[in-house]
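I sat down with this one over coffee and kept a few notes as I went. Have the viewer open while you read along.

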Amino acid sequence: MPVLHAREGVRCTHITDEGAVLLDTRAGLFYGLNPAAAVIWAAVTSASDGEPLDRATSAVVARFAVDDATAREHAHAHLALLIEQGLLEDSR
């Protein structure tokens, strides 16, 4: 099971109902997170127990009026993008 965490040098602003902003201090890039993406980021980076995709899916379902399958699909796609961009990495 992956244990995802923010890569060193990645900082997140305070998460609001409107989303959040990630700053990659190494690359000098900002990434805007919409509300769902911010919920996914918080769910994955705030805890290390359980499967990250399951935590992200549960957080999206709890926050938004969406079914499990849709939440899981979007959480999976977003996590893949965050990993691809080097913002999240597996600490195993």
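**The hairpin**

I began with the hairpin of β3 and β4, where 4 residues lie between the two strands. Glycine 28 sits in the turn with a positive phi of about 70°. I should say right away that I am working from a predicted model.

Next I looked up how the two strands are held in register. They run antiparallel, and 5 bridges join β3 (residues 20-24) to β4. I noted two of the pairs: leucine 23 has phenylalanine 30 as its bridge partner in β4, and aspartate 24 stands opposite leucine 29 of β4.

**The sheet**

How many strands form the sheet, and in what order? I found 3, arranged β2-β3-β4 in an open sheet with antiparallel pairing. β2 (10-12) and β4 (29-33) are at the edges with a single partner strand each, so one side of each has no neighbour in the sheet. Neighbouring strands are turned by 20° against each other on average, direction ignored.

I then checked the other pairing, between β2 and β3, which is antiparallel over 3 bridges. Here cysteine 12 stands opposite leucine 22 of β3.

Which residues of β3 point to the buried face? I wrote down Ala20, Leu22 and Asp24, which point to one face and are buried. Val21 and Leu23 point to the other face and are not buried. It is the pattern I would look for, as side chains in a regular strand alternate between the two faces of the sheet.

**Glycine 19**

I stopped at glycine 19, which is placed in the loop between β2 and β3. Is glycine 19 buried or exposed? Its relative accessibility is 4%, and the cut-off for buried is under 20%, so glycine 19 counts as buried. I listed its contacts beyond four places in sequence: His14, Leu33, Asn34, Pro35 and Ala38. For a sense of distance, I took aspartate 54, which is 35 residues from glycine 19 along the chain; their C-alpha atoms are separated by 20 Å.

**Helix α1 and its partners**

I went back to the sheet to see what α1 does there. Helix α1 (residues 35-45) packs on the sheet and touches β2, β3 and β4. Its direction makes about 105° with that of β4.

From there I turned to the packing of α1 with α2. Their angle is about 135° and their axes are 8 Å apart, which makes α1 oblique to α2. I recorded the crossing as right-handed. On the α1 side the contact is made by Val39, Ile40, Ala43 and Val44. On the α2 side I have Pro52, Arg55, Ala56, Ala59, Val60 and Arg63. Spacings of this kind are worth a glance, since an α-helix has 3.6 residues a turn and residues three or four places apart point the same way.

**Helix α2**

I checked the span of α2 (residues 52-63). Its 12 residues reach 17 Å from first C-alpha to last, close to the 16 Å expected at 1.5 Å a residue. Which residues of α2 are buried? They are Pro52, Leu53, Arg55, Ala56, Thr57 and Val60. I asked myself what covers them, and the cover includes β1 (4-6), α1 and α3 (68-84).

**Threonine 57**

I picked threonine 57 of helix α2 for a closer look. With a relative accessible area of 7%, threonine 57 is buried. Leaving out residues up to four places away in sequence, threonine 57 touches Asp68, Ala71, Arg72 and Ala75. I also took its distance to threonine 13, which is 44 residues away along the chain: the C-alpha atoms are 22 Å apart.

**Histidine 78**

My last stop was histidine 78, in helix α3. Its relative accessible area is 14%, so histidine 78 is buried. Not counting residues up to four places away in sequence, histidine 78 touches Leu33, Ala37 and Ile40. I circled Ile40 in my notes, as it also turned up in the contact of α1 with α2. Leu33 got a circle too, having appeared among the contacts of glycine 19.

Conventions
Residues are numbered from 1 along each chain as its sequence is written. This is a predicted model: local features need pLDDT of at least 70, side-chain atom pairs count only at pLDDT 80 or more; totals for chains, interfaces and linings use all residues. Side-chain values use heavy atoms; hydrogens and water are left out. Two strands pair if DSSP finds at least two bridges between them. Axes are lines fitted to C-alpha atoms, for helices over the stretch in contact, and angles run from 0 to 180 degrees between N-to-C directions. Contact means heavy atoms within 4.5 Å. The expected span of a helix is 1.5 Å times one less than its number of residues. Buried means under 20% relative accessible area, exposed over 50%, partly exposed in between (1.4 Å probe, protein chains only). Angles under 35 degrees count as roughly parallel, over 145 as roughly antiparallel, 65 to 115 as roughly perpendicular and the rest as oblique. A crossing is left-handed if the near helix is turned anticlockwise from the far one by less than a right angle, and right-handed if clockwise.
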